[in-house]
Amino acid sequence: MSLNVYRRLLAATGALALGASLLGGSAATAAGPETVATGLNSPRQLAFSPGGTLYVAEAGPFLTPDDSCVQHPEFGTTCAGLTGSLAKISGGTVDRVVTGLPSLSSAAESVGPFDLVFTGNNTVAFTIGLGGSPAIRDSFGKDGTHLGYVGSATLNPNHKKGVVTYEFDTVAHEAAHDIDADVDSNPTGLARSGNGYVVADSGGNTLVSTRKGGSTLAEFAPVATTQPGPVPVGFPADAVPTDVVQGKDGSWYVSQLVGFPFEKGSSTIWRVPAGGGTPTPYATGLTNVTSLDIASDGTLYAVEVASDGLLSGPVGSLRKIVPGGSSHPLVAGGLNQPYGLAIDGSWAYVTTGTIAPATGGGSVVRIRL
């Protein structure tokens, strides 16, 4: 199927990374974002434990080229390592409680742990990205064995790395069910579903259930461009689902980062029936959405990694979603490379600096809703 989010993200942000880094942290006002943690390595999604502690998935630091590196057909020189992690954020301190998770890095991006969801007080599931086929994964050797998987970990205070198992091979599912010649899987967003999970596969442009051996719940069609630009009007941009949450109605709500040329206003939040089916629009008029979360009152919020489209630079926003609407109130703008979102009471927690090339260049900020 069509190309995944990070292949296009790299092309758009590689030349813009320096300009974005000059922005520093999130744009702050008296009531604006407040930094609660720094020193993170390519932070992506966030989640609160049942006890109320905040955790973040880190794709990992940029790797020094060595004999683990191969020439990826899209990324160029790409290196594999076991440097991804899950980190606990408490009192401004970053404590990496699960380490040694698979990670990739190229000149401009790290790919590794993307999302996490708690399944108990001390158990957590997570996705590991890839952006490719089984053959591409195999080219990275033993360090790449579990790229493209859904895994789980037991957080044991006596074992720093936790106890990690790998449960579902999203890449193999894509290879077995792909309907065209472009086998490409990049599991990103994750939600619980009974005794399994639902995964947003940004590479396969699908929503996948891990239950009963795996099934495809929905497929997302390319989005035709509407404005002249680097490609003609009508160009089929990649659909790229990025995150998934379950609403109180049982339906799945899926965010979208429409691919190159990242046309402003082209992204939709889709509603998919609980058992799968044809996606229907829930909210339109958004741009490059990477994350969703639902507040206790049922209000849906979304993060845009680039509110004017990635060709204008990864400066994004947090928005309050109007069901059925095409215009959505701005909660906070000017966010530097935002990605993940987790809501606790009247606060939204957002990862920033998520594609910063410097090791430790990521942060978590909180924003009052």
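Two strands count as paired if DSSP finds at least two bridges between them, and strands themselves are DSSP runs (E, at least two residues), numbered from the N terminus. The model on screen is predicted, so local features need pLDDT of at least 70 and side-chain atom pairs count only at pLDDT 80 or more, while totals for chains, interfaces and linings use all residues. Residues are numbered from 1 along each chain as its sequence is written, and side-chain values use heavy atoms, with hydrogens and water left out.

**First stop: the hairpin.** Select β18 (241-246) together with β19 (residues 252-256); these two strands run antiparallel and are joined by four bridges. Val-244 has Val-254 of β19 as its bridge partner. Five residues lie between the strands of this hairpin, where Gly-250 takes a positive phi near 90 degrees.

**Second stop: β19 itself.** Colour this strand by accessibility, with buried meaning under 20% relative accessible area, exposed over 50% and partly exposed in between (1.4 Å probe, protein chains only). Five of the five residues of β19 are buried, so the strand is largely enclosed by the rest of the structure. Trp-252, Val-254 and Gln-256 are buried on one side, and Tyr-253 and Ser-255 are buried on the other, which leaves both faces covered.

**Third stop: the rest of the sheet.** Extend the selection to the open sheet of four strands, whose order is β18-β19-β20-β21 with antiparallel pairing. Its edge strands are β18 and β21 (280-286), each of which pairs on one side only. Direction ignored, neighbouring strands of this sheet are turned by 20 degrees against each other on average, where the axes are lines fitted to C-alpha atoms. Moving across from β19, three bridges join this strand to β20, and Trp-252 stands opposite Val-272 in β20. From β20 (residues 267-272), four bridges lead on to β21, with Trp-270 partnered by Pro-281.

**Last stop: the largest pocket.** A pocket is an open set of points on a 1 Å grid over the protein atoms alone, where a 1.4 Å probe fits, with protein on both sides within 12 Å along at least five of seven lines, and lining residues have an atom within 4 Å of a point. The largest pocket holds about 500 Å³ of space, the volume being that filled by probe spheres set on the points. Of its 20 lining residues, select Val-117, Val-245, Leu-292, Asp-293 and Ile-294, which lie nearest the centre. Elements giving two or more residues to this lining include β8 (113-118), β18 (241-246) and β22 (289-294).

Terms used:
Axes are lines fitted to C-alpha atoms, for helices over the stretch in contact, and angles run from 0 to 180 degrees between N-to-C directions.
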